[in-house]
Amino acid sequence: MNYRMLGRTGLYVSELCFGAMTFGGEGFWKVVGTQGQSEADKLVARSLDAGINFFDTADVYSNGVSEQLLGKALGARRKDVVLATKVRGRTGPGINDVGLSRGHIMDSVHNSLRRLGTDYIDLYQIHGVDIVTPLDETLRALDDLVRQGKVRYLGCSNLQAWQLMKALGISEHRNLARFESLQAYYSIAGRDLERELVPLMKDQQVGLMVWSPLAGGFLSGKYRRNGQGPEGSRRTSFDFPPVDKERAYDVIDVMDGIAKAHNVSVARVALAWLLHQPHVTTIIIGAKTQEQLEDNLQTPSLKLTPEQLTALNTASALPPEYPGWMVAHQNKDRIPQPQ
């Protein structure tokens, strides 16, 4: 297992992060996964043995059951890992049981600590934007948690570039703990992140945690242009995240040839492409079975050739979009070319 620094923190995390969203199977989350405690124990133990030291969950996954199962599965080895969870989603029927107000954050962190069976959270992330609560209220509450020792680092998820930059500016101006990581959707079939967020993260030294690196299973190798996915697969009942399927099929065709050349799965090629991107800190894998986990764990050893990376980049390239194409046009002569 290889390790990368999380943003500018000095904290090293494994380049594969185990995501526990499939744990529990409660309510809506049943379509994602239904692992119980015994399955969670096996998957977590195997991940730890393989060198994974980064685990991610959220208070809304299976109504908190995911946190409970993950906490129990880690047990005494909790001290050896970087444990991440999230706050924002609805956790009860009350009008204030949702969002990023000081009240909901303070209630939620205590409940997460209890369910996880720990007295601190390594990385506490806001799970999205709350358009009602002022951003400075949210950031002040999160800073208080860091100062109290209940949380060690802060992260965010699903923010737009201007929202992330505004948060970083407020934190710097008011000397508050800042967001050190962004958890975002990114895959070879969905590279929108590269337009605004990747340049921002590079400039501000914010780490990138990738969720749904296989585009909700679409890049698993189970889906082909001329056929449906297997019955009971996640995409058949939960077609998310959105994917331009025709463009994705073009990418899958290229990945298929590379997978055969390396004698590996298409899924492993999709994950390996992400690990070859310098702006990626870690990719979150959420294996439902031991088989899937074993395949995912082999990803760091798959080294793609420059020619293969060029083929993948070409097939998955984003179409030009303003103002990006104007910036590129106006600056094409600003970098000296080798003589």
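**Reading helix H8 and its surroundings**

Modeller: Let us begin with one helix of this predicted model: the buried residues of H8 pack against helix H9 (266-275) and helix H11 (306-316).

Biologist: Which residues of H8 are the buried ones?

Modeller: The general idea is that an α-helix has 3.6 residues a turn, so residues three or four places apart point the same way. In H8 the buried residues are Ala 248, Tyr 249, Val 251, Ile 252, Met 255, Asp 256, Ile 258 and Ala 259, and the list thus includes an acidic residue, Asp 256.

Biologist: How does the span between the end C-alpha atoms of H8 compare with what its 18 residues should give?

Modeller: At 1.5 Å a residue, H8 (residues 245-262) should span 26 Å, and the C-alpha atoms at its ends lie 25 Å apart, which agrees.

Biologist: What value does phi take at Asn 263, just after H8?

Modeller: Asn 263 has a positive phi of about 60 degrees, although this residue is not a glycine. Asn 263 sits in the loop between H8 and H9, and with a relative accessible area of 72% it is exposed. Another non-glycine residue with a positive phi is Arg 88, where the angle is near 155 degrees; Arg 88 belongs to the loop between strand E5 (82-87) and helix H3 (102-116), and its relative accessible area of 25% makes it partly exposed.

Biologist: Is the peptide bond from Tyr 322 to Pro 323 cis or trans?

Modeller: That bond is cis, with omega near 5 degrees, and Pro 323 lies in the loop between H11 and helix H12 (324-330).

Biologist: Is Ser 171 buried or exposed, and which residues does it contact beyond its neighbours within four places in sequence?

Modeller: Ser 171, which is found in helix H5 (residues 161-174), is buried, with a relative accessible area of 2%. Once the neighbours within four places are set aside, Ser 171 is in contact with Leu 139, Leu 176, Ala 177 and Arg 178.

Biologist: How compact is the protein as a whole?

Modeller: The protein comes to twelve helices and ten strands. Its radius of gyration is 20 Å, close to the 20 Å that the globule rule gives for 339 residues, so the protein is as compact as a globular protein of that length. Buried residues make up 52% of the 339 residues, and among contacts between residues at least 6 apart in sequence, 78% join residues at least 24 apart.

Key: Residues numbered from 1 in each chain as written. Predicted model: local features only at pLDDT ≥ 70, side-chain atom pairs only at ≥ 80, totals over all residues. Heavy atoms only, no water. Helix = DSSP H or I, 4+ residues; strand = E, 2+ residues; numbered from the N terminus. Rg over C-alpha atoms; globule rule 2.2 N^0.38 Å. Buried < 20%, exposed > 50% of the residue type's maximum accessible area, 1.4 Å probe, protein only. Contact = heavy atoms within 4.5 Å. Expected span 1.5 Å × (residues − 1).
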